[in-house]
Amino acid sequence: MNSHLNRHWSPLLLVAAMLVSLAQPALASETIPRLANGKPDFSGIWQTTSAADYDLEPHSNRKDTPPGAGIVEGGVIPYLPEALEKKKKNFEHRESLDPARKGWTLGVPRAVYYPEPFQIFQRQADLNLVPQFGHSVRTIHTNGTDHPKDPNDWWLGDSRGYWEGDTLVVDVADFNDKTWLDSAGNFHSDALHIVEHWKFLDNNTIAYKATIEDKNVFSRPWNIDVILYRHREKNFQLIEDYRFTLDYDQYYPPKPDNK
Amino acid sequence: MKLSRNIKLAIALPALLLASISAYAHHAFSAEFDGEKPVEVTGVVTKLELINPHSWLYLDVKGADGKVTNWGFEFGAPFSLKEKGVTKTTLAPGTKVTINGFRAKSGKDFGYAVTTTLPDGRIVKTGGAQDAPTAPAGT
(Lines give C-alpha, C1' and ligand atoms only; values in the text may rest on other atoms or scores of the structure.)
Protein backbone atom coordinates (compact mmCIF):
# COMPACT_ATOMS: atom_id res chain seq x y z
CA MET A 1 0.00 0.00 0.00
CA ASN A 2 2.70 2.37 1.05
CA SER A 3 4.95 1.54 -1.81
CA HIS A 4 2.01 1.88 -4.18
CA LEU A 5 1.32 5.37 -2.91
CA ASN A 6 4.94 6.30 -3.14
CA ARG A 7 5.13 5.06 -6.67
CA HIS A 8 2.10 7.10 -7.49
CA TRP A 9 3.01 10.26 -5.70
CA SER A 10 6.73 10.57 -6.00
CA PRO A 11 6.74 11.82 -9.64
CA LEU A 12 4.11 14.37 -8.69
CA LEU A 13 6.12 15.52 -5.71
CA LEU A 14 9.15 15.84 -7.90
CA VAL A 15 7.24 18.01 -10.38
CA ALA A 16 5.85 20.10 -7.52
CA ALA A 17 9.32 20.58 -6.10
CA MET A 18 10.59 21.65 -9.52
CA LEU A 19 7.76 24.15 -9.88
CA VAL A 20 8.52 25.63 -6.46
CA SER A 21 12.17 26.01 -7.35
CA LEU A 22 11.25 27.68 -10.65
CA ALA A 23 8.88 30.07 -8.89
CA GLN A 24 11.61 31.05 -6.42
CA PRO A 25 12.46 34.63 -7.34
CA ALA A 26 16.03 35.38 -8.22
CA LEU A 27 17.90 37.15 -5.44
CA ALA A 28 17.29 40.91 -5.45
CA SER A 29 21.03 41.51 -5.71
CA GLU A 30 21.09 39.68 -9.06
CA THR A 31 18.34 41.65 -10.79
CA ILE A 32 18.33 45.17 -9.35
CA PRO A 33 19.16 47.99 -11.76
CA ARG A 34 22.81 48.96 -11.71
CA LEU A 35 25.01 51.75 -13.01
CA ALA A 36 27.85 50.98 -15.42
CA ASN A 37 30.19 50.81 -12.42
CA GLY A 38 28.07 48.06 -10.85
CA LYS A 39 26.56 50.15 -8.06
CA PRO A 40 22.78 49.94 -7.49
CA ASP A 41 20.91 52.51 -9.59
CA PHE A 42 18.08 54.17 -7.64
CA SER A 43 17.00 56.35 -10.60
CA GLY A 44 13.24 56.55 -10.77
CA ILE A 45 10.22 58.08 -9.08
CA TRP A 46 9.56 56.94 -5.53
CA GLN A 47 6.98 57.45 -2.79
CA THR A 48 6.02 56.03 0.56
CA THR A 49 2.53 54.72 1.27
CA SER A 50 2.97 55.24 5.01
CA ALA A 51 1.36 57.95 7.13
CA ALA A 52 4.83 58.86 8.42
CA ASP A 53 4.70 62.53 7.48
CA TYR A 54 1.49 63.05 9.45
CA ASP A 55 3.31 61.88 12.57
CA LEU A 56 6.49 59.84 12.85
CA GLU A 57 5.24 58.31 16.08
CA PRO A 58 2.31 55.85 16.31
CA HIS A 59 -0.93 57.81 16.28
CA SER A 60 -4.67 57.36 15.96
CA ASN A 61 -6.66 59.41 13.50
CA ARG A 62 -7.22 63.14 13.98
CA LYS A 63 -9.25 65.62 12.00
CA ASP A 64 -6.24 66.42 9.82
CA THR A 65 -4.44 63.08 10.04
CA PRO A 66 -5.00 59.47 9.01
CA PRO A 67 -3.92 56.90 11.61
CA GLY A 68 -0.47 55.38 11.37
CA ALA A 69 1.72 52.83 13.11
CA GLY A 70 4.63 55.27 13.00
CA ILE A 71 8.09 54.61 11.61
CA VAL A 72 10.14 55.30 14.76
CA GLU A 73 11.98 52.28 16.12
CA GLY A 74 10.59 51.74 19.63
CA GLY A 75 7.65 54.05 18.89
CA VAL A 76 8.82 57.09 20.86
CA ILE A 77 11.15 59.96 19.91
CA PRO A 78 13.56 60.50 22.85
CA TYR A 79 13.13 64.25 23.41
CA LEU A 80 15.02 66.21 26.03
CA PRO A 81 12.47 67.66 28.52
CA GLU A 82 12.67 71.25 27.24
CA ALA A 83 12.50 70.15 23.61
CA LEU A 84 9.45 68.01 24.36
CA GLU A 85 7.65 71.13 25.55
CA LYS A 86 8.51 72.85 22.28
CA LYS A 87 7.30 69.82 20.32
CA LYS A 88 3.97 69.97 22.16
CA LYS A 89 3.61 73.67 21.30
CA ASN A 90 4.52 72.94 17.68
CA PHE A 91 1.87 70.22 17.59
CA GLU A 92 -0.77 72.48 19.09
CA HIS A 93 -0.10 75.22 16.52
CA ARG A 94 0.90 72.94 13.64
CA GLU A 95 -1.57 74.49 11.24
CA SER A 96 0.22 77.85 11.31
CA LEU A 97 3.76 76.73 12.23
CA ASP A 98 4.41 73.73 9.98
CA PRO A 99 7.06 74.90 7.45
CA ALA A 100 5.53 72.68 4.76
CA ARG A 101 2.16 74.40 5.19
CA LYS A 102 3.96 77.70 4.55
CA GLY A 103 5.26 76.22 1.31
CA TRP A 104 8.86 76.01 2.55
CA THR A 105 11.26 73.30 1.59
CA LEU A 106 10.64 69.96 3.35
CA GLY A 107 14.21 69.34 4.42
CA VAL A 108 15.85 66.02 5.21
CA PRO A 109 14.67 63.35 5.90
CA ARG A 110 11.10 64.68 5.57
CA ALA A 111 11.24 64.91 1.76
CA VAL A 112 11.81 61.15 1.66
CA TYR A 113 8.51 60.17 3.34
CA TYR A 114 6.36 63.22 2.51
CA PRO A 115 3.19 61.89 0.83
CA GLU A 116 4.17 63.07 -2.65
CA PRO A 117 6.55 61.51 -5.16
CA PHE A 118 10.21 62.41 -5.54
CA GLN A 119 12.56 61.55 -8.36
CA ILE A 120 16.13 60.32 -8.15
CA PHE A 121 18.62 61.06 -10.92
CA GLN A 122 21.77 59.07 -10.34
CA ARG A 123 25.30 59.18 -11.74
CA GLN A 124 28.49 57.62 -10.52
CA ALA A 125 29.55 60.82 -8.73
CA ASP A 126 26.20 61.81 -7.22
CA LEU A 127 22.47 61.29 -6.78
CA ASN A 128 20.09 64.21 -7.21
CA LEU A 129 16.77 63.99 -5.41
CA VAL A 130 13.94 66.20 -6.63
CA PRO A 131 10.77 66.23 -4.54
CA GLN A 132 7.52 67.16 -6.27
CA PHE A 133 6.68 69.46 -3.36
CA GLY A 134 8.60 72.72 -3.10
CA HIS A 135 11.55 73.91 -5.11
CA SER A 136 14.54 71.97 -4.02
CA VAL A 137 17.18 69.61 -5.32
CA ARG A 138 19.16 67.56 -2.86
CA THR A 139 22.52 66.31 -4.04
CA ILE A 140 24.09 63.27 -2.41
CA HIS A 141 27.76 63.27 -3.38
CA THR A 142 29.21 59.80 -3.94
CA ASN A 143 32.63 60.89 -5.18
CA GLY A 144 34.53 60.23 -1.98
CA THR A 145 34.42 63.82 -0.74
CA ASP A 146 33.70 64.86 2.85
CA HIS A 147 31.57 67.69 4.31
CA PRO A 148 33.02 71.14 3.57
CA LYS A 149 35.29 72.64 6.21
CA ASP A 150 33.50 75.99 6.07
CA PRO A 151 29.82 75.05 5.81
CA ASN A 152 26.65 77.11 5.51
CA ASP A 153 23.53 76.25 7.48
CA TRP A 154 21.79 74.56 4.58
CA TRP A 155 18.05 73.88 4.32
CA LEU A 156 18.84 70.35 3.14
CA GLY A 157 22.12 69.88 4.98
CA ASP A 158 25.17 68.53 3.18
CA SER A 159 24.95 64.90 2.00
CA ARG A 160 28.00 62.68 1.43
CA GLY A 161 27.38 59.05 0.49
CA TYR A 162 29.44 55.90 0.18
CA TRP A 163 28.68 52.26 -0.61
CA GLU A 164 28.64 49.38 1.84
CA GLY A 165 28.10 46.54 -0.61
CA ASP A 166 24.75 47.31 -2.25
CA THR A 167 23.69 49.72 0.49
CA LEU A 168 24.12 53.46 0.00
CA VAL A 169 25.12 55.05 3.31
CA VAL A 170 24.71 58.83 3.49
CA ASP A 171 26.04 61.16 6.17
CA VAL A 172 24.01 64.40 6.31
CA ALA A 173 25.12 67.42 8.38
CA ASP A 174 25.29 71.26 8.36
CA PHE A 175 21.58 72.01 8.63
CA ASN A 176 19.67 75.08 9.72
CA ASP A 177 16.82 74.76 12.22
CA LYS A 178 13.99 75.99 9.98
CA THR A 179 12.52 72.66 8.85
CA TRP A 180 10.46 70.03 10.68
CA LEU A 181 10.59 66.23 10.62
CA ASP A 182 6.84 65.79 10.04
CA SER A 183 3.60 67.76 10.20
CA ALA A 184 3.03 66.87 13.88
CA GLY A 185 5.63 69.34 15.11
CA ASN A 186 8.56 66.98 15.49
CA PHE A 187 11.57 69.24 15.01
CA HIS A 188 15.35 69.55 15.18
CA SER A 189 18.05 72.16 15.75
CA ASP A 190 20.96 73.15 13.50
CA ALA A 191 22.97 70.39 15.22
CA LEU A 192 20.96 67.75 13.34
CA HIS A 193 23.04 64.85 12.03
CA ILE A 194 21.56 62.01 10.00
CA VAL A 195 22.97 58.73 8.73
CA GLU A 196 20.81 57.16 6.04
CA HIS A 197 20.81 53.63 4.60
CA TRP A 198 19.25 53.13 1.16
CA LYS A 199 18.86 49.54 -0.05
CA PHE A 200 16.85 47.73 -2.74
CA LEU A 201 14.45 45.10 -1.38
CA ASP A 202 13.60 44.26 -4.98
CA ASN A 203 13.68 46.17 -8.28
CA ASN A 204 10.77 48.37 -7.32
CA THR A 205 11.15 48.74 -3.56
CA ILE A 206 13.68 50.60 -1.44
CA ALA A 207 14.19 50.03 2.28
CA TYR A 208 15.05 53.44 3.75
CA LYS A 209 16.48 53.67 7.24
CA ALA A 210 17.89 56.67 9.03
CA THR A 211 19.52 57.35 12.36
CA ILE A 212 18.67 60.82 13.65
CA GLU A 213 20.91 62.59 16.12
CA ASP A 214 20.68 66.09 17.62
CA LYS A 215 22.29 66.81 20.97
CA ASN A 216 20.21 69.96 21.46
CA VAL A 217 16.88 68.19 21.05
CA PHE A 218 17.15 64.42 21.63
CA SER A 219 18.62 62.47 24.54
CA ARG A 220 20.03 59.79 22.22
CA PRO A 221 20.13 58.90 18.51
CA TRP A 222 16.95 57.22 17.23
CA ASN A 223 15.99 55.32 14.10
CA ILE A 224 13.28 55.47 11.47
CA ASP A 225 12.45 52.77 8.97
CA VAL A 226 10.22 53.26 5.94
CA ILE A 227 9.62 51.56 2.60
CA LEU A 228 9.54 53.43 -0.72
CA TYR A 229 7.74 52.15 -3.80
CA ARG A 230 8.59 52.87 -7.41
CA HIS A 231 5.90 54.62 -9.45
CA ARG A 232 5.18 52.43 -12.47
CA GLU A 233 2.01 54.07 -13.77
CA LYS A 234 2.09 54.79 -17.49
CA ASN A 235 3.60 58.23 -18.22
CA PHE A 236 3.91 59.01 -14.52
CA GLN A 237 5.81 62.22 -13.89
CA LEU A 238 6.36 64.86 -11.24
CA ILE A 239 4.00 67.83 -11.44
CA GLU A 240 5.31 71.01 -9.87
CA ASP A 241 3.78 71.62 -6.44
CA TYR A 242 5.27 74.93 -5.33
CA ARG A 243 2.87 76.66 -2.99
CA PHE A 244 5.01 79.46 -1.58
CA THR A 245 4.25 81.77 -4.51
CA LEU A 246 0.54 80.97 -4.92
CA ASP A 247 -0.35 84.21 -3.13
CA TYR A 248 1.63 86.19 -5.71
CA ASP A 249 0.03 84.56 -8.75
CA GLN A 250 -2.56 87.34 -8.98
CA TYR A 251 0.22 89.84 -9.77
CA TYR A 252 1.59 87.85 -12.70
CA PRO A 253 1.94 88.56 -15.49
CA PRO A 254 2.43 92.20 -14.39
CA LYS A 255 -0.22 94.62 -15.59
CA PRO A 256 1.57 97.98 -15.75
CA ASP A 257 -1.44 99.80 -17.21
CA ASN A 258 -3.76 98.44 -14.49
CA LYS A 259 -6.06 96.88 -17.10
CA MET B 1 11.51 113.70 -4.86
CA LYS B 2 9.23 111.54 -2.81
CA LEU B 3 7.22 110.67 -5.88
CA SER B 4 10.26 109.62 -7.86
CA ARG B 5 11.34 107.36 -5.03
CA ASN B 6 7.95 105.70 -5.05
CA ILE B 7 8.19 105.18 -8.77
CA LYS B 8 11.59 103.62 -8.34
CA LEU B 9 10.16 101.29 -5.72
CA ALA B 10 7.26 100.42 -7.98
CA ILE B 11 9.74 99.33 -10.60
CA ALA B 12 12.08 97.62 -8.21
CA LEU B 13 9.53 95.61 -6.26
CA PRO B 14 8.15 93.39 -9.03
CA ALA B 15 11.71 92.88 -10.26
CA LEU B 16 12.75 91.76 -6.82
CA LEU B 17 9.76 89.49 -6.50
CA LEU B 18 10.66 87.88 -9.81
CA ALA B 19 14.26 87.51 -8.78
CA SER B 20 13.26 85.91 -5.53
CA ILE B 21 10.57 83.60 -6.75
CA SER B 22 12.33 80.47 -5.57
CA ALA B 23 13.50 81.93 -2.29
CA TYR B 24 12.16 81.62 1.20
CA ALA B 25 11.31 84.68 3.23
CA HIS B 26 12.99 86.64 0.49
CA HIS B 27 11.81 90.20 0.27
CA ALA B 28 12.64 93.75 -0.66
CA PHE B 29 14.36 95.94 1.93
CA SER B 30 11.37 98.22 2.06
CA ALA B 31 9.01 95.35 2.86
CA GLU B 32 10.49 94.87 6.27
CA PHE B 33 12.87 97.69 7.15
CA ASP B 34 12.54 101.42 7.60
CA GLY B 35 15.02 103.54 5.63
CA GLU B 36 14.17 106.50 7.89
CA LYS B 37 15.34 104.72 11.04
CA PRO B 38 19.09 104.25 10.97
CA VAL B 39 20.63 102.35 13.81
CA GLU B 40 24.15 101.73 15.07
CA VAL B 41 24.75 99.03 17.64
CA THR B 42 27.83 97.44 19.12
CA GLY B 43 27.49 93.99 20.61
CA VAL B 44 28.81 90.50 21.04
CA VAL B 45 27.91 87.85 18.45
CA THR B 46 25.69 85.04 19.78
CA LYS B 47 24.93 83.29 16.49
CA LEU B 48 25.53 83.57 12.75
CA GLU B 49 23.04 81.74 10.52
CA LEU B 50 24.49 81.28 7.04
CA ILE B 51 21.18 80.62 5.31
CA ASN B 52 20.01 81.40 1.78
CA PRO B 53 18.71 83.79 0.66
CA HIS B 54 19.55 85.96 3.70
CA SER B 55 21.93 85.19 6.52
CA TRP B 56 21.15 86.49 10.01
CA LEU B 57 23.52 87.69 12.70
CA TYR B 58 22.40 87.76 16.31
CA LEU B 59 24.23 89.78 18.94
CA ASP B 60 23.84 90.71 22.58
CA VAL B 61 23.74 94.48 22.91
CA LYS B 62 24.15 96.20 26.27
CA GLY B 63 21.87 99.21 26.62
CA ALA B 64 22.66 102.42 28.53
CA ASP B 65 20.72 100.98 31.48
CA GLY B 66 22.97 97.89 31.49
CA LYS B 67 20.18 95.67 30.17
CA VAL B 68 21.30 93.16 27.52
CA THR B 69 19.09 92.73 24.47
CA ASN B 70 19.55 90.15 21.73
CA TRP B 71 19.36 91.85 18.33
CA GLY B 72 18.95 90.12 14.99
CA PHE B 73 20.38 91.62 11.77
CA GLU B 74 19.68 90.55 8.25
CA PHE B 75 22.86 89.87 6.29
CA GLY B 76 23.64 89.16 2.67
CA ALA B 77 23.58 85.73 1.07
CA PRO B 78 26.17 83.24 2.40
CA PHE B 79 28.09 83.19 -0.88
CA SER B 80 28.35 86.98 -1.10
CA LEU B 81 29.62 87.03 2.50
CA LYS B 82 32.15 84.34 1.67
CA GLU B 83 33.39 86.43 -1.26
CA LYS B 84 34.05 89.22 1.21
CA GLY B 85 35.87 86.86 3.52
CA VAL B 86 33.13 86.66 6.13
CA THR B 87 32.63 83.13 7.47
CA LYS B 88 31.46 81.50 10.69
CA THR B 89 35.02 81.85 11.98
CA THR B 90 35.06 85.59 11.29
CA LEU B 91 31.87 86.07 13.27
CA ALA B 92 32.21 83.31 15.85
CA PRO B 93 30.10 83.66 19.02
CA GLY B 94 31.85 86.09 21.37
CA THR B 95 33.18 88.34 18.59
CA LYS B 96 32.61 92.06 19.21
CA VAL B 97 31.21 93.90 16.18
CA THR B 98 29.58 97.21 15.32
CA ILE B 99 26.69 97.26 12.91
CA ASN B 100 25.34 100.21 10.95
CA GLY B 101 21.95 99.64 9.45
CA PHE B 102 18.24 100.27 9.66
CA ARG B 103 15.60 99.13 12.09
CA ALA B 104 12.72 96.83 11.29
CA LYS B 105 9.39 98.51 10.59
CA SER B 106 7.89 96.39 13.36
CA GLY B 107 9.99 98.31 15.89
CA LYS B 108 11.26 95.04 17.35
CA ASP B 109 14.94 94.37 17.97
CA PHE B 110 15.65 93.47 14.38
CA GLY B 111 17.43 95.32 11.67
CA TYR B 112 19.12 95.31 8.34
CA ALA B 113 22.92 95.41 8.47
CA VAL B 114 24.42 97.67 5.80
CA THR B 115 27.97 97.56 7.13
CA THR B 116 29.67 95.54 9.83
CA THR B 117 32.85 96.64 11.56
CA LEU B 118 34.94 93.60 12.48
CA PRO B 119 37.31 93.41 15.47
CA ASP B 120 40.32 94.00 13.19
CA GLY B 121 38.80 97.32 12.07
CA ARG B 122 37.76 96.01 8.66
CA ILE B 123 34.42 97.44 7.52
CA VAL B 124 32.43 95.00 5.40
CA LYS B 125 29.29 95.74 3.41
CA THR B 126 26.97 93.00 4.55
CA GLY B 127 23.57 94.00 3.22
CA GLY B 128 22.39 92.50 -0.05
CA ALA B 129 18.99 94.02 -0.85
CA GLN B 130 18.92 95.85 -4.17
CA ASP B 131 16.66 98.62 -2.91
CA ALA B 132 18.42 99.23 0.41
CA PRO B 133 19.89 102.66 1.09
CA THR B 134 23.67 102.30 0.71
CA ALA B 135 24.68 103.96 3.95
CA PRO B 136 22.61 104.95 6.93
CA ALA B 137 22.53 108.59 7.94
CA GLY B 138 25.35 109.55 10.25
CA THR B 139 27.96 107.20 8.82
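Student: Which residues touch the most other members of the largest nonpolar core?

Tutor: This is a predicted model, and its largest nonpolar core holds 46 residues. Elements of chain A that each supply at least two residues of this core include α5 (110-113), β7 (193-202) and β9 (222-230). The members that touch the most others are Phe42(A), Leu56(A), Trp198(A), Trp222(A) and Ile224(A).

Student: How many residues are in the second, separate core?

Tutor: Among the members of this second core are Val39(B), Trp71(B), Phe73(B) and Leu118(B). The separate core comes to 19 residues.

Student: What pattern does chain B follow along the sequence?

Tutor: Chain B has three helices and six strands. Read in sequence order, these elements give α-α-β-β-β-α-β-β-β.

Student: Is Ile227(A) buried, partly exposed or exposed?

Tutor: Ile227(A) lies in strand β9 of chain A and belongs to a nonpolar surface patch with Leu201(A) and Tyr229(A). Buried means under 20% relative accessible area and exposed means over 50%. Ile227(A) has 31% relative accessibility, so this residue counts as partly exposed.

Student: How many residues apart in sequence are the parts that Arg34(A) and Asp166(A) tie together?

Tutor: The side chains of Arg34(A) and Asp166(A) meet in a salt bridge, at 2.8 Å from N to O. Arg34(A) lies in the loop between α2 (28-31) and β1 (44-48) of chain A, and Asp166(A) in the loop between β5 (158-164) and β6 of chain A. The pair therefore ties together parts whose separation in sequence is 132 residues.

Student: Why does the salt bridge of Asp153(A) and Lys88(B) join two chains, and where does each residue lie?

Tutor: The two side chains, of Asp153(A) and Lys88(B), meet at 2.7 Å, N to O. Asp153(A) is in the loop between β4 (138-141) and β5 of chain A, so its pairing with Lys88(B) of chain B joins two chains. Lys88(B) lies in the loop between α3 (78-83) and β4 (96-104) of chain B.

Student: Which of these, Asp153(A) or Lys88(B), is buried?

Tutor: Lys88(B) has a relative accessible area of 29%, so this residue is partly exposed. The relative accessible area of the other partner is 7%, and the buried residue is therefore Asp153(A).

Student: Which residues are linked in a network of salt bridges that includes Asp190(A)?

Tutor: Asp190(A) forms a salt bridge with Lys47(B), their closest N and O atoms being 3.6 Å apart. This pair crosses between chains, from the loop between β6 and β7 of chain A to strand β1 (residues 33-49) of chain B. The linked residues are Asp177(A), Lys178(A), Asp190(A), Lys47(B) and Glu49(B).

Terms used:
Residues numbered from 1 in each chain as written. Chains lettered and ligands numbered in written order. Predicted model: local features only at pLDDT ≥ 70, side-chain atom pairs only at ≥ 80, totals over all residues. Heavy atoms only, no water. Core = buried A, V, L, I, M, F, W, Y, C linked by side-chain atoms within 4.5 Å. Buried < 20%, exposed > 50% of the residue type's maximum accessible area, 1.4 Å probe, protein only. Helix = DSSP H or I, 4+ residues; strand = E, 2+ residues; numbered from the N terminus. Patch = residues over 30% accessible without salt bridge, like charges linked within 9 Å, V, L, I, M, F, W, Y side chains within 5 Å. Areas by Shrake-Rupley, 256 points an atom, 1.4 Å probe, with all protein chains shown as cover. Salt bridge = Lys/Arg side-chain N within 4 Å of Asp/Glu carboxyl O.
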